[in-house]
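Thank you all for making the time this morning. I would like to walk through a few features of one model, beginning with its charged pairs and ending with its cores.

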Amino acid sequence: MTGPSARRSRALISDGDSDTSRQSTPASTAAHDRKRVRADPKLAANLLSPADAARPQSPRRPAASRRSATPDERKFVLQPKRRHQPGAIVRVKLTNFVTYTSAEFYPGPNLNMVIGPNGTGKSTLVCAICLGLGWGPNLLGRAKDAAEYIKHGCKEATIEIELQRATSGPSRTGSNPVITRNIKKEGNKNMFYLDGRQTANKVIQEFVRGFNIQVDNLCQFLPQDRVVEFAQLDPVQRLETTLRAAADPEVLEYHERLKGLREEQIEFMGQNKGDREILQDLEKRQDAQRVDVERLEERLRTQKKINQLTKCRPVPKYLEAKNKAKELKDLKDKLTTETARLKQESAPALQKVNAKQRYAAAAVRNRDDVRKEVKRAEGECSRIDREVSNSGQRVTDLADEHKATRDSSANDKQEYSRKQRELINLKTSKEVRPAEFDHVTTNEKLNEYRLRLRQLTQDGEQKDEALQAARNQGREAHIRRKAAEEKLNSLSTEEGRREDKLASDAKDTADAWRWIKENQQMFKMEVFGPPAVTCSVKDSRMADAIESLMNQGDFRAITVQCMDDFRLIQEELTKKRNLFELTVRKSDEHDLSRFRSLMSHEDLINLGLEGWAIDYLEGPSVVLAMLCQSRQLHQTATTSKKLSEEQDKAIGKSSIKNYVTKDKFIKVFRREDYGVSTTQTSDIKPARWWTDKPVDTQRREEHMRDLKREQKSVQSYKEQVEELKTEIERIKEERLQEESARNKLADEKEAAQRAQAAYNGIGTKIERVEDRLRVLEGNMATVKERCHAIARQKDEEMLKKAQHILEYCEVIHSLKEASQKLLEAEVIAIEAQSDFQTLERLHSTLRDTLKQKESQLNAASKEHEVARQSALALKSSLEEVRQEAETLSEEEDDNSLFELLQSLATQRDLTEQTLEDMIDAENAKLGLTDGGINAANVIREYEERAKKIEKLQTKLRDYNKKQDEYISSIKTIRESFEADLQSIIEKIDAAFAESFERIGCAGQVKVHKASSEDPADCTEELGGQENGLDFANWAIHILVKFREKEPLSLLDSHRQSGGERAVSTIFYLMALQSLSKSPFRVVDEINQGMDQRNERMVHGRMVDIAAANERAVAQGQASGSQYFLITPKLLSGLKYEKGMTVLCIVSGENVPSATDVRRTAEGGDEYTEKGRKFDFAAFAGRARQLGLGRLQGGEGRMDSRASMRGVSVSA
């Protein structure tokens, strides 16, 4: 691969386009709207090199053998030694791309002007740069797919771009990198190569980004179809593209981090904004209730003290019971000691008494034992006496049984005789059989009766149903007749005529309104009917105008005053009755004065208008309010006259948006920012609802026909009912006759069945009688045996009775002996007790004293036990209070009850009365404060609110800490970002202002630091209203002034002309030239919208910058980036300087083909015509010879300091 200098020594372009690629390319438009003069074929031939002008069939010489330029020609063709910046485009080679079959470009390192008529392929170079460096066609704004850039008739295209190598950094290479993109038409496939090695598109993009090439940045790459898009960039987008083009990556990172931090901060502030507002509200409410709550808390503390004192009532009782129990225990111990001492002193004397006492007790026990023996003997006597009585009773019973047995034998004989007679009668009846009965025939007749009755029943039911249906239909016909009469009568009233029209135009609405009137009691509030029925126009002349302001839905709208009624209508009418074509609106406004007009009546009259639309309507205020809400009738002016043009203009300048004249409805649309207004006019249609037209005769006749039809229906149903009644009566009579005959036959059948059943039962009865006779015969045979058995049992019972009498005598003897012993034991016991009592009386004093002590001891023991149990019970109650106090202390950290218990327990003089006095004192204190009904709720709300406040304060402390972190981070990054941004903008502003100053205008570039309007961001610490925290909306404002007396104004798509915007755009891009981090820039046809003056100024400024870059290179300083300026026109007398390169693209029907073409001579022989290219060095020399480069005044047009290269493209 040869170096750049070697390549530049060759011809710039090698093109092989076919002759048929462009058959009729039109001439390009030049300045002053004149057509460019097409090159004369003879002149074109003269401009060809001598070798190329040779015979067509002569072979083409290779590039190495081409002739050298003449001295005159070399003056115009310079071979600069300037070097390209790393990443700049050194060479572009295209194959089968758009209009090119094979072309190769060698752009210069600074300004490259690509010129040529329209359609020659200038923008194709721009497309090739974009696609060849790996970007998609979407950035070009032309075709959708890359395959659409393949030349017509070809299957693939190739783009080859050579970049200037980098000598340092990550993109450093040993030679210039060559990027190749191959585009295949089939499947829209793309293949990428880097230095001949196939790679991915992503790798190519990453590689070129290493040179800071930003084809997707409009500040670097501005294709023809996106020039307007760049002009329409808003200032925020302009800042972003500028930073990408001119700033270091860390500046972009600063901006993104600021936007990200600010977005997070706003989201964070939004999340906590509600908390701050809630905290302020809670604190205000807390402060407002603090005094009341303190008073209530004092009351609650008093109530709590009373409650605790009440709970402590067992304390004095327990202390008193405890002291009493202790005193009784001491008394008991004392009596126990004294009793023991007395017993010890009286023991010898009492031993005799005790011995006598024991003897008396033994005598008493012996007496008691003897008494028990006597009692047992008496019991035995009683038992035996009962046995004797029982035996006597059994003897009597047996005697009675013996007598009854003899009597029963006589009864059996009598029954036996009766049964014999009964048997004879039964056998006689058995011989007489009942008459024969035909059951089959009878059953068939009964079935026939049953079927006839069933049929008659069915016929009767059918007739009843038909009668009921006829009655229902008759009632419905009667209702319809009545409705028809009402409709006919309603035509005599205005409301009736409206309702009739509503029924014909909107049946669902009419049915709904009829149901609402009949069921008005179901609604909570009054429901109003459609305006077509409930409203009217005061002045019939205005009916057309008023109706033109409303649509059909407005006329049919039913108005409710609450949502409950709205839902009821939906439920009853829409869901249940399927009335779907309804319009229901809610309006609860009764005061029409709340609907304010746009101006006073006097001002309205001055404009030529007569009033507001709502003034001409009368009806329920709620309905009128609904119309105001939906149609703004209170702000729509009306007049019955036509207005003049001046009056229309005056209304257009007023605040009126809608107004109606005699035959027009006008809407006014205003744009306040531009101070202009437009109107929309529509014709007024004749009124349909609120008219005073007479009743439609055809409609009246229809109602009369309906009435007659319904009257005939009513009469027809009446006759049908009478016929059905007669038929039902006939069926009833026939049914009664059939039932009578059936019942008679059934009775006969039942009698025959009973006679047969009785005859069939005679045999069974005979068997039962014979069985009973046999039983009676057996009974009579066993009577004697039973009498003998009863006699034997009677004898045995009499023997047992005698034995019991003997036993009774023995027991009586034992009872006498026991009674004697009892008498003796009684005497001994009396004597022993007498001796004991005598001895006891002798020692009674001592015993009484001892008994008294023992009695006192027992009483003291009982009292002590009672006091102890009482103390234990009170202690149990007190223990419950103590456990409650411990629970409060542990769970609620409330020691008040525990401390109160301890305090009361330590008071020695505490009594129940003392505690009651304390409770009374607290009650008196409680009576001095008023707690109110909801005191507990107020305090609970206050405490809960305090907890919420504390929680929110904690949360907001964390929020403030996090907010400080955000502020600190933003401040740190912002300081760096602002410094770098300001430095960049100052340089851009200086270059931009200088460019405008050189053309006699003024321009300024500055940063707009958008601020947040959130009060939380407008603090003095953050900068107040000018805080500049809206980093996402920071922007670059471009201000320009093209005329001396006008001020600097913001560049946008409205204030400046297209040419002025183009000048501003190119100057802004040029201002980026020295700052650009990109190795090249492309601007396609930016001068299309400029006039000659602006184009000359822009061109001169661009040439100055190119010259300045050249001088910077000559002085060893860094120069600006490579620049491509594509333009289809070129004015005469433009300025050219060293450092710029002109790429001329020539295309047209008279341009010789650059490829070999087969021709046919006159004699029929074929020959090959070699392709030829334009030699722009020869062109410049020839133009100089012909004087074509001279202007008026003699100044040369061609500047020898410019490098000129050419491209010859055949059509």
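**Charged pairs, a sheet and two cores**

Let me begin with Arg-735 and Glu-739, whose side chains meet in a salt bridge with N and O 2.6 Å apart, a salt bridge being a side-chain nitrogen of Lys or Arg within 4 Å of a carboxyl oxygen of Asp or Glu. Before going further, I should say that this is a predicted model, in which local features need pLDDT of at least 70 and side-chain atom pairs count only at pLDDT 80 or more, while totals for chains, interfaces and linings use all residues. Residues are numbered from 1 along each chain as its sequence is written, and side-chain values use heavy atoms, with hydrogens and water left out.

Both Arg-735 and Glu-739 lie in helix α21 (residues 697-760), where they are 4 residues apart, about one turn of the helix; helices here are DSSP runs of H or I with at least four residues, strands are runs of E with at least two, and both are numbered from the N terminus. Arg-735 counts as partly exposed at 31% relative accessibility, where buried means under 20% relative accessible area, exposed means over 50%, and partly exposed lies in between, with a 1.4 Å probe and protein chains only.

A second pair within one helix is Lys-259 and Glu-256, whose closest N and O atoms are 3.2 Å apart in their salt bridge. These two residues are separated by about one helical turn, because they are 3 residues apart in helix α8 (residues 249-311). Lys-259 is partly exposed at 21%, and Glu-256 is partly exposed at 45%.

What, then, of a pair that links distant parts of the chain? Asp-554 and Arg-631 form a salt bridge at 2.6 Å, N to O, with Asp-554 in helix α16 (residues 552-556) and Arg-631 in helix α19 (residues 621-631), 77 residues apart. Asp-554 is buried, with a relative accessible area of 0%, whereas Arg-631 is partly exposed at 30%. There is also a network of salt bridges linking Arg-91, Glu-104, Glu-160 and Glu-162, and the count for the model comes to 35 salt bridges.

Turning to the strands, β18, β19 and β20 form an open sheet in that order, with antiparallel pairing, two strands being paired if DSSP finds at least two bridges between them. The edge strands, each pairing on one side only, are β18 (1002-1008) and β20 (1049-1050). Between β18 and β19 (residues 1035-1041) there are 7 bridges, and in this pairing His-1008 stands opposite Ala-1035, while Val-1007 stands opposite Ile-1036. β19 and β20 pair over 2 bridges, and Leu-1050 in β20 is the bridge partner of Leu-1039. As for burial, 6 of the 7 residues of β19 are buried, so that this strand is mostly covered.

Finally, the cores. The largest nonpolar core (buried Ala, Val, Leu, Ile, Met, Phe, Trp, Tyr and Cys residues joined through side-chain atoms within 4.5 Å) has 64 residues, and those with the most contacts inside it are Phe-992, Ile-1066 and Phe-1067. Helix α27 (residues 935-998) gives the largest share of this core, 15 residues. Apart from this core lies another, of 61 residues, among them Leu-502, Leu-617, Cys-628 and Trp-690.
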